[in-house]
Amino acid sequence: MNLEEDFPFLNRGIVYLDNAATTQKPNQVIEAISNFYRYHNANIHRGVHTLSIEATEMYEKSRERVASFIGAKSKELIFTYGTTSSINFLSQSLIKSEVLKEGSIVLLTAVEHHSNLLPWQNLKRYGVSLKFVDSDENGVLDEDKIINSMENVSLISLTGLSNVTGQRIDLEKVVKEAKKRGILVHIDGAQMVPHVKVDVSKLDIDFLSFSAHKMLGPTGIGALYINEKYLDAFEPFLVGGGMIDRVTLESSTFTNPPEKFEAGTPNIAGAIGFAAAVDYLNSFGMENVEKIDRELTKYALEELKKLDFVDIYGPKDERQVSIVSFNVKGVHPHDVASILDEEYKVAIRTGHHCAQPLMRKLGVSATCRASFYLYNKKEDVDRLVEGLKRVKKWIG
Amino acid sequence: MDWMKEIYSDLVVRYAKDPSARKELEGAISARDKNESCGDEVRLFLKVEDGIVKDASFIGEGCIVSMASASMLVKLIKDKSIEDVKKILENVEKMMKGEEYDEDMLGDLVVFSGISGIPARSKCFYLAWSVLKDMLQSVQGG
Ligand SMILES: Cc1ncc(COP(=O)(O)O)c(C=O)c1O
């Protein structure tokens with residue numbers, strides 16, 4: 001394993017600090033996808049010819065690998081198009097299966113990504129109501145506050161790691177209390193799964209959503225973990241080909257999970273790329289990924305704190321993993337990002353990060369966000385800091 | 001890319017930070033627009049008498065490009081007839097699309113002549129002008 005070889009973009013001299021938006025892809029992932037298209041391409045299931053049998057096997061093996069990456073059983077892992085589609089599918093299925101119904105309360109927090117907010121807002125038309133746990137003025141969530149808001153709640157949908165502040169939530173604590181009260185738990189794992197080891201068999205959550213593209217995999221594929229307890233009772237979210245048992249003109253019965261939840265031709269190459277990405281992470285070691293992310297975040301926080309013209313958001317301590325949000329006083333984030341890009345080849349993200357309610361809480365319309373992954377180095381943080389000093393001098 | 005040097009030139013930064021155009025105008029008509037994706041916001045104030053822009057100003061918040069563009073707008077349209085302001089706006093739109101335009105009408109704003117090549121920032125540049133366009137429709141005929 002050699003990062004420079006595996007990630008050719010590193011040779012372009014670009015310091016990529018936009019990993020929370022999407023990560024780069026190693027050659028191993030790109031090869032796995034092109035190898036499938038070159039030599040094994042066919043539609044899956046029901047085919048009797050060699051290629052179709054190979055493709056089906058590759059797809060199902062990919063499911064096994066992604067499932068085992070999060071400690072799930074194969075059948076509990078449903079391929080989707082990404083976190084956003086996972087949460088839409090889940091919320092709709094919970095309504096169709098009458099797990100949530102008129103009068104049910106869903107508990108969310110004020111820091112959620114729009115993708116973990118709008119699908120739940122959509123359920124209001126069915127009489128479901130939403131309740132929110134507020135953060136403090138730095139965007140920090142307090143687990144005790146979440147626990148104290150659990151009364152009469154049917155389901156909690158919570159980010160495992162905030163895409164704005166980088167705060168890792170103490171899920172063990174929250175889930176334990178939720179389970180005592182018989183509350184279902186969905187975790188938006190879009191930022192958590194790529195950066196810290198997650199084992200659903202230990203964590204005891206009911207549902208988990210995540211995206212391949214934020215963990216070295218391709219875009220257009222993600223996963224929804226559904227605990228096996230619910231697989232039979234849950235209604236599929238999409239219906240059509242590939243998920244049926246017997247169909248007449250008037251009605252149909254469905255096949256078994258997980259296929260029951262995957263109507264239509266899935267993103268086969270995407271699943272294969274996803275599995276290649278988790279293979280890469282496994283051989284790199286998730287403990288090493290987390291170590292690098294934590295070290296870089298700690299270092300970035302230390303260095304940014306030294307700049308008196310920079311405001312930092314979030315916990316600013318060891319709870320923060322892989323993400324740092326900040327602003328240069330008196331300078332619009334767009335200007336910061338443009339100058340960093342042009343003068344220092346440093347790529348950061350600016351804007352509301354799909355979390356407008358949290359921006360309002362922080363009292364800003366946008367922030368700058370630097371986010372790290374396994375190929376980043378301390379020198380990348382140094383270049384960011386150098387760039388920020390220049391921004392300050394130039395237009396601050 | 002040279003455009004960066006121009007966008008963040010002293011001239012542009014000076015306009016963006018110039019406080020003189022930034023105030024509310026009493027007794028003026030006003031309108032606002034916001035770019036939701038980045039939060040940039042501009043409210044424009046116009047005093048129009050006998051078909052002439054007697055006074056103009058703006059308040060707002062945003063990046064250097066959006067603020068400098070608004071500040072230049074205010075300077076450009078003051079004391080001009082509505083007809084002339086419309087012509088200025090037409091030329092601004094031409095510049096933004098990368099078409100031929102009359103440089104003489106746009107004064108310091110030509111520093112943004114390369115904006116057509118930077119789609120990511122042309123929204124910032126156009127924010128104040130889009131407010132002006134809406135307002136012109138409502139003051140139609142003076
Ligand atoms: C916390 C969080 N949730 C959900 C999403 C949505 O993920 P996707 O765009 O892959 O569907 C993101 C990605 O930006 C995220 O950071």
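**Exercise 1. Find what helix 11 of chain A lies across, and describe the sheet involved.**

Start with the helix. Helix 11 of chain A, residues 286-305, lies across strand 11 and strand 12 (323-328) of chain A. Its direction runs at about 15° to strand 12 of chain A. Keep in mind as you work that this is a predicted model.

Next, place these strands in their sheet. The open sheet has four strands in the order 11-12-15-14 of chain A, and the pairing is antiparallel. Its edge strands are strand 11 (310-312) and strand 14 (349-351) of chain A, each of which pairs on one side only. From one strand to the next, the twist averages 30°.

Now look at one pair in detail. Strand 14 of chain A pairs with strand 15 (residues 367-371) of chain A in the antiparallel sense, over three bridges. Arg349(A) has Arg369(A), in strand 15 of chain A, as its bridge partner.

Finish with the loop between strand 11 and strand 12 of chain A, where you will find Ser322(A). Ser322(A) is not a glycine, yet it has a positive phi of about 75°.

**Exercise 2. Work out the sheet of chain B and the helices that accompany it.**

First, set out the strand order. Three strands of chain B form an open sheet in the order 1-2-3, with antiparallel pairing. Strand 1 (29-35) and strand 3 (52-61) of chain B are the edge strands, each pairing on one side only. The twist here averages 20° from one strand to the next.

Second, follow the pairing of strand 2 (residues 40-49) of chain B with strand 3 of chain B: nine bridges join them, and they run antiparallel. Within this pair, Lys47(B) stands opposite Asp55(B) of strand 3 of chain B. Helix 3 (residues 64-77) of chain B packs on the sheet and touches strand 2 and strand 3 of chain B. The direction of helix 3 of chain B makes about 170° with that of strand 3 of chain B.

Third, check the turn. The hairpin of strand 2 and strand 3 of chain B has two residues between the strands, and Asp50(B) takes a positive phi near 50° there.

Last, add the other helix. Helix 5 of chain B lies across strand 1 and strand 2 of chain B, at about 35° to strand 2 of chain B.

**Exercise 3. Describe the contact between the two chains.**

Begin with the residues: chain B gives 19 and chain A gives 16 to the contact. Then take the area. The chains bury about 1,400 Å² between them, with 52% of it on carbon and sulfur atoms. Finally, see which residues of chain B stand out: Met4(B), Tyr8(B) and Cys38(B) supply 36% of the area that chain B buries against chain A, more than any other three residues.

**Exercise 4. Characterise the largest pocket and the largest cavity.**

Take the pocket to begin with. The largest pocket has a volume of about 870 Å³. It is lined by 43 residues, and those closest to its centre are Asp18(A), Ile348(A), Arg349(A), Thr350(A) and Gly351(A). You have already met Arg349(A) as the bridge partner of Arg369(A).

Which elements supply the lining? Helix 4 (83-96), helix 12 (333-344), strand 13 (346-347) and strand 14 of chain A, along with helix 5 (119-138) of chain B, each supply at least two residues. Helix 12 of chain A gives the largest share, five residues. By class, the pocket lining has 16 nonpolar, 18 polar and nine charged residues.

Now turn to the cavity. The structure holds one cavity of 30 Å³ or more, and the largest cavity has a volume of about 100 Å³. Of its 13 lining residues, Phe79(A), Thr80(A), Tyr81(A), Glu262(A) and Pro266(A) lie nearest the centre. The cavity lining has nine nonpolar, three polar and one charged residues.

**Exercise 5. Locate a cis peptide bond in chain A.**

Look at the bond from Pro257(A) to Pro258(A): it is cis, with omega near 5°. Then place the second proline: Pro258(A) is found in the loop between strand 10 (252-254) and helix 10 (268-284) of chain A.

Conventions
Residues are numbered from 1 along each chain as its sequence is written. Chains are lettered from A and ligands numbered from 1 in the order in which they are written. This is a predicted model: local features need pLDDT of at least 70, side-chain atom pairs count only at pLDDT 80 or more; totals for chains, interfaces and linings use all residues. Side-chain values use heavy atoms; hydrogens and water are left out. Two strands pair if DSSP finds at least two bridges between them. Axes are lines fitted to C-alpha atoms, for helices over the stretch in contact, and angles run from 0 to 180 degrees between N-to-C directions. Contact means heavy atoms within 4.5 Å. On a 1 Å grid over the protein atoms alone, a cavity is a set of points where a 1.4 Å probe fits but cannot get out, and a pocket is an open set with protein on both sides within 12 Å along at least five of seven lines; lining residues have an atom within 4 Å of a point. Grid points are joined across faces, edges and corners, and a volume is the space filled by probe spheres set on the points. Ala, Val, Leu, Ile, Met, Phe, Trp, Tyr, Cys and Pro count as nonpolar, Asp, Glu, Lys and Arg as charged, and the others, Gly among them, as polar. Buried area is the accessible area (1.4 Å probe) that two parts lose on being put together, summed over both.
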